[in-house]
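Student: I have a model open and would like to go through its labels with you. Could we take them one at a time?

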Amino acid sequence: MTGPLINLHSGKALTGGLDGAAIEQYSLGNFRTQRFRVEHVRDGLHRVVCDPMGSVWDVWRGSTDDGTPIVLWDWHGGPNQLFNIVDVGSGEYYLRAAHSGKVAEIANASYTDGAHLIQGNWIYMPNQLFRVFSGPIRVGVSYKLMDISGASLDNGAPLVQWSGHRPTIGLNQRFTLDHAGGPGYRLIAAHSGKVLDVAGASLQNGAPIVQWDWHGGPNQRFRISRARDESDIYYIRITAVHSGKSFDVLGFSHDDGAPIVQWDWHGGPNQLWSF
């Protein structure tokens, strides 16, 4: 598990802060502090690392009480920093503290930004379940979704925009954001397991975005950064590491099948994305 950790109840991402401060939930987008990495330590126990800082989840002062906040702290290997990661199916997990037997949950089953991560008794509630981000990504110009054309499994299949499939979002319209080491994220298509890739590692405006087997090149790595807030929508830009160019729906099109390419950043609605 590597990447933003999303609470099943609220849909918000866990967000770290300074050592000793409670981990909180916020809308997905503040990626430097929303990047977590789960590492096996021993005997089925793991630590959860806030990737850019190296601090780990820590149940405050080793308390076994319900409601104790889970904070970031320097690694010392105590049982209050070790967690069982339990897969309940469909890509969802709960995290049980080794010292207390209690699980991580969003306090008061809150939907609000800033709600704390605490420990509590396991009762199989959605505010106790987490997943690595995997979902649809919408473009501001048309509110359509990123889509691997035709749900193809082939290398080179183009990324386009398309209306959301009904009644559910198709797997070729779901992408997992994963930090695989090195700069940026890779974006993995759920239906194929392939990653988004700037075709031919081109540096040119208009180069298509396609899917391809992962090889780790900079044309398969993308930086995610805040672009702007409008009403209740938090927009991001997606920038190719190798070229510095941004995802762009060609020609500001509203049509199904319009290609998604890379282009110099200008901040137009065809370059704004939301999760």
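Student: What makes the contact between Glu-39 and Arg-47 a salt bridge?

Tutor: A salt bridge needs a side-chain nitrogen of Lys or Arg within 4 Å of a carboxyl oxygen of Asp or Glu. The side chains of Glu-39 and Arg-47 meet at 2.8 Å, N to O, so the pair fits that definition. Salt bridges with shared partners also join Arg-37, Glu-39 and Arg-47 into one network. Keep in mind that this is a predicted model, in which local features need pLDDT of at least 70 and side-chain atom pairs count only at pLDDT 80 or more, while totals for chains, interfaces and linings use all residues. Residues are numbered from 1 along each chain as its sequence is written, and side-chain values use heavy atoms, without hydrogens and water.

Student: Why are E5 and E6 called paired strands?

Tutor: Strands (E) are DSSP runs of at least two residues, numbered from the N terminus. Two of them pair if DSSP finds at least two bridges between them. E5 and E6 run antiparallel and are joined by 6 bridges, so they count as paired. One of the bridges has Arg-42 with Leu-45 as its partner in E6.

Student: What is unusual about the phi of Asp-43?

Tutor: Most residues other than glycine have a negative phi. Asp-43 is not a glycine, yet its phi is positive, about 50 degrees. You will find Asp-43 in the turn of the hairpin that E5 and E6 form, with 2 residues between them.

Student: How do you know whether Asp-43 is buried or exposed?

Tutor: Buried means under 20% relative accessible area, exposed over 50%, and partly exposed in between (1.4 Å probe, protein chains only). Asp-43 has 71% relative accessibility, so it counts as exposed. By contrast, 5 of the 6 residues of E6 are buried, so that strand is largely enclosed by the rest of the structure.

Student: Why does the salt bridge of Lys-144 and Asp-256 tie together parts that are 112 residues apart in sequence?

Tutor: Their side chains meet at 3.0 Å, N to O. Lys-144 lies in the loop between E15 and E16, and Asp-256 in the loop between E24 and E25, so the pair links those distant stretches of sequence. Lys-144 is at 16% relative accessibility and therefore counts as buried, whereas Asp-256, at 35%, counts as partly exposed.

Student: What makes a group of residues a nonpolar core?

Tutor: The members are buried Ala, Val, Leu, Ile, Met, Phe, Trp, Tyr and Cys residues joined through side-chain atoms within 4.5 Å. The largest such core here has 31 residues, and Met-146 and Phe-175 are among those with the most contacts inside it. Strand E23 gives the most to this core, with 4 residues.
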